[in-house]
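Take a walk through this structure with me. We will go from strands to charges to the bound ligand.

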Amino acid sequence: MEKSGNYQSDIHNSDYESEYLQSRLDCGSLLNITGRETESLNGQWNFAADLYDTCRRAHWFWDNSKNETGREMPVDYDWEGWDRITVPSCWNLQKPELHYFEGSGIYTRTFRYFPKTKGERLFLRFEGVSYRTSVFLNGKIIGTHDGASTPFNADISGIVQTDNRITVTADARRSPLRIPMENTDWFNYGGIYRDVFLVRVPPVYIKDWFVRLSPDGTYSVILADVTVSSADGMPVNNKALLEIPQMGIKQEINIKDGKGSARIYVRTEMHANMLKAKMLWSPENPKLYEVIISINSKENETADIVRDSIGFREIKTNGGNSHEILLNGKKIFLKGVCVHEDHFLSGKTTNTEIIRQTIKDLKEMNGNYLRLAHYPHDSRFARIADEEGVLLWEEVPVYWAVAFNNSETYKDGENQLSELILRDRNRASVIIWSVGNENADTDARLSFMSKLALKAKSLDDSRLVSAACLINHEKLQIQDRLADYLDVIGINEYYGWYDPDFEKLPKILDNSKPGKPVLICEFGADARLGQRGSEDDLWTEDKQKRLYEQQTEIFKKCPYIAGTTPWILYDFRCPRRLNRYQEGFNRKGLIDAKRRERKPAFYVMQKYYSEV
Ligand code: GCB
């Protein structure tokens with residue numbers, strides 16, 4: 001829209017939002033920033049809760065606080081006069097009056113920029129903002145991103161100056177058309193809750209890379225895909241060099257129209273090591289290799305260089321009717337637990353200590369695997385899991401009754417899935433992409449979710465695809481049409497809890513012929529920390545413990561279960577949980593919300609995992 005002096009036009013424009021949806025910040029503009037130098041824009045930003053979305057309705061970002069003659073105008077915002085808030089953080093936990101705020105928040109700050117090299121491009125990088133984010137720089141719209149848990153970039157090269165004002169609106173409203181939709185079993189945190197960076201890249205730059213072991217069972221071929229972009233958008237035709245010094249690999253890759261691929265054969269002596277699993281990544285041996293990718297300029301100088309630490313491993317199912325998951329050719333049982341990102345002090349804002357402690361708690365339980373529920377967690381999780389040798393299930397929030405009939409909702413879901421995969425597909429720890437959780441079996445859902453499963457496969461040939469599927473409660477059978485599109489069937493079951501008749505579980509397991517590995521990706525019971533009683537008393541640690549004993553006894557007898565992730569490692573905030581034991585928390589944690597006290601069921605899992 002043209003800048004206009006007519007303030008009346010703003011209040012009569014009910015379709016004000018469409019203007020902001022024209023330039024999308026989506027997976028197409030995503031830059032792989034792994035290993036790149038970044039400059040943080042974290043810190044104190046000015047902030048206001050904008051209940052009526054007036055920043056976008058009235059174009060506050062144009063900054064009309066002075067007219068052309070320099071005269072002060074009666075504007076309704078006050079960038080520098082506003083309160084400050086920490087970025088990153090969930091606003092709900094920053095100020096008591098924001099605890100239940102779910103509208104649009106305005107963030108603004110200034111920053112200075114001095115180019116370091118000739119012709120460099122400057123990108124803004126947001127690791128996670130909830131949910132619809134519009135970004136404005138120096139009075140101009142940069143673009144809008146949807147999705148609360150995946151990263152996005154904006155190229156601000158043409159717009160950035162020495163002195164800059166950046167303004168961001170973050171709209172955390174829940175809506176039936178979003179992913180997730182308005183009803184979830186977790187707290188809807190708002191704000192810029194993950195890191196914000198500036199990233200400098202040269203005029204011709206490496207935009208993305210995907211380097212992995214070919215999943216062909218030979219352990220002798222590394223596949224590499226490299227994408228190169230140019231500032232002027234002209235197709236790039238040049239060569240990239242991929243090096244893995246510890247493997248003696250130095251391979252040229254032809255880049256045509258910005259894309260290049262290579263099959264790299266591992267040298268014979270290395271291959272012997274590969275086969276001996278010495279060089280393969282696994283929980284026991286989380287070996288990472290430095291991978292360096294560079295491109296040269298016409299003058300033969302290094303034009304761009306990126307570095308990543310990558311593990312090489314193969315994950316697959318045994319095919320046919322087999323129920324096995326194979327890691328590097330060997331059967332593996334996934335000993336896991338689900339975890340939400342929610343932390344009682346910081347919500348969805350996390351840090352490396354919290355992530356490392358989560359992994360420590362998993363390992364104390366004798367586990368090797370985590371289900372990162374129900375949305376993409378912070379990107380540091382998979383990096384640390386790579387180092388620590390933990391396997392991961394990563395998931396998009398296609399949760400419950402998403403608007404499966406709506407094409408815009410599908411686009412949003414596919415974009416979130418793509419952003420997650422592009423962010424993490426170089427991480428050996430990630431072995432499963434999940435395309436959804438507990439969605440009723442309709443034709444629209446089948447079409448929506450099968451397309452997501454195919455999309456995941458098209459972006460990544462080196463991982464398994466799954467989803468938390470359905471049980472036919474009349475026939476007492478695992479039965480879900482989506483299973484045809486998945487490598488592994490996930491099942492959430494709450495026998496002994498929501499369905500008190502525990503005996504149905506063995507019947508279902510006996511009655512089903514899934515023909516694929518099955519992961520029990522949820523089971524559990526609420527127990528308030530310290531609440532005691534008999535094994536039949538709801539909300540007690542005793543009931544939870546008994547249920548875990550019953551469940552694990554049954555799992556041991558089932559031949560096709562390839563792993564389990566009980567619900568859940570820590571108690572977490574949840575506005576739907578309002579009885580006297582819950583008090584706004586889902587209490588199915590094996591550890592309390594403060595992430596300190598273990599409940600007795602924790603030790604049931606610890607014992608079970610030491611035995612399977
Ligand atoms: C489920 C959901 C999970 C809930 C859990 C519960 O099936 O997948 O998000 O929190 O059950 O506690 O009911």
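In β17, Tyr 265 has Val 221 standing opposite. The two strands behind that match are β14 (residues 221–230) and β17 (residues 259–265), which run antiparallel and are joined by 7 bridges. Keep in mind that this is a predicted model.

Now look at the two faces of β17. In a regular strand the side chains alternate between the two faces of the sheet. Strand β17 shows this alternation. Gly 260, Ala 262 and Ile 264 point to one face and are buried. Lys 259, Ser 261, Arg 263 and Tyr 265 point to the other face and are not buried. Just before the strand comes the loop between β16 (249–255) and β17, where Asp 257 is found. Asp 257 is not a glycine, yet its phi is positive, about 50 degrees.

Move to another antiparallel pair. Strand β7 (residues 132–137) pairs with β8 over 6 bridges. One of the matches is Phe 136 with its bridge partner Ile 141 in β8. The hairpin of β7 and β8 has 2 residues between the strands, and Asn 138 there takes a positive phi near 50 degrees. How enclosed is β8 by the rest of the structure? Of its 7 residues, 5 are buried, so β8 is largely enclosed.

A small detour leads to an open sheet of 3 strands. Its order is β20-β21-β22, and the pairing is antiparallel. The edge strands are β20 (315–317) and β22 (330–331), each pairing on one side only. Strand β21 (residues 325–327) and β22 share 2 bridges. Across that pair, Lys 330 in β22 stands opposite Leu 327.

Next, the charges. Side chains of opposite charge can pair when their charged atoms come close. The model has 60 salt bridges. Which parts of the chain does the pair of Arg 24 and Asp 146 tie together? Arg 24 lies in the loop between α1 (7–11) and β1 (38–40), while Asp 146 lies in strand β8 (residues 140–146), so the pair links parts that are 122 residues apart in sequence. The closest N and O atoms of this salt bridge are 3.2 Å apart. The two ends differ in exposure. Arg 24 is partly exposed, at 33% relative accessibility. Asp 146 is buried, at 10%.

Compare a pair inside one helix. Lys 411 forms a salt bridge with Glu 408, with closest N and O atoms 3.4 Å apart. Both sit in helix α6 (residues 407–424), 3 residues apart, so about one helical turn separates them. Lys 411 is exposed, with a relative accessible area of 52%. Glu 408 is partly exposed, at 43%.

Asp 53 and Arg 56 make a third case. Their closest N and O atoms are 2.9 Å apart in a salt bridge. Both residues are buried. They also belong to a network of salt bridges, which links Glu 17, Arg 24, Asp 53, Arg 56, Arg 132, Asp 146, Asp 171, Arg 173 and Arg 178.

The backbone holds a few further details. A cis peptide bond joins Val 87 and Pro 88, with omega about 5 degrees. Pro 88 belongs to the loop between β3 (84–87) and β4 (104–112). Another cis bond runs from Ala 373 to His 374, with omega near -20 degrees. His 374 has its place in the loop between β24 (369–372) and α5 (379–388). Asp 63 has a positive phi of about 60 degrees, although it is not a glycine. Asp 63 lies in the loop between α2 (54–57) and β3. At 29% relative accessibility, Asp 63 is partly exposed.

Finish at the ligand. Which of the 14 residues around the ligand come nearest? They are Asp 185, Tyr 399, Glu 438, Tyr 498 and Lys 588. By class, the shell has 5 nonpolar, 4 polar and 5 charged residues. Oxygen atoms of the ligand meet several polar side-chain atoms. For Asp 185, a polar side-chain atom lies 2.4 Å from a ligand oxygen. For Lys 588, the distance to a ligand oxygen is 2.5 Å. For Tyr 494, a side-chain N or O atom is 3.2 Å from a ligand oxygen. Taken alone, the ligand exposes 320 Å², and the protein buries 96% of that.

Note on methods: Residues numbered from 1 in each chain as written. Predicted model: local features only at pLDDT ≥ 70, side-chain atom pairs only at ≥ 80, totals over all residues. Heavy atoms only, no water. Near = heavy atom within 4 Å. Polar contact = N/O pair within 3.5 Å; in protein donor to acceptor, adjacent residues only side chain to side chain. Areas by Shrake-Rupley, 256 points an atom, 1.4 Å probe, with all protein chains shown as cover. Nonpolar A, V, L, I, M, F, W, Y, C, P; charged D, E, K, R; others polar. Salt bridge = Lys/Arg side-chain N within 4 Å of Asp/Glu carboxyl O. Helix = DSSP H or I, 4+ residues; strand = E, 2+ residues; numbered from the N terminus. Buried < 20%, exposed > 50% of the residue type's maximum accessible area, 1.4 Å probe, protein only. Pairing = 2+ DSSP bridges.
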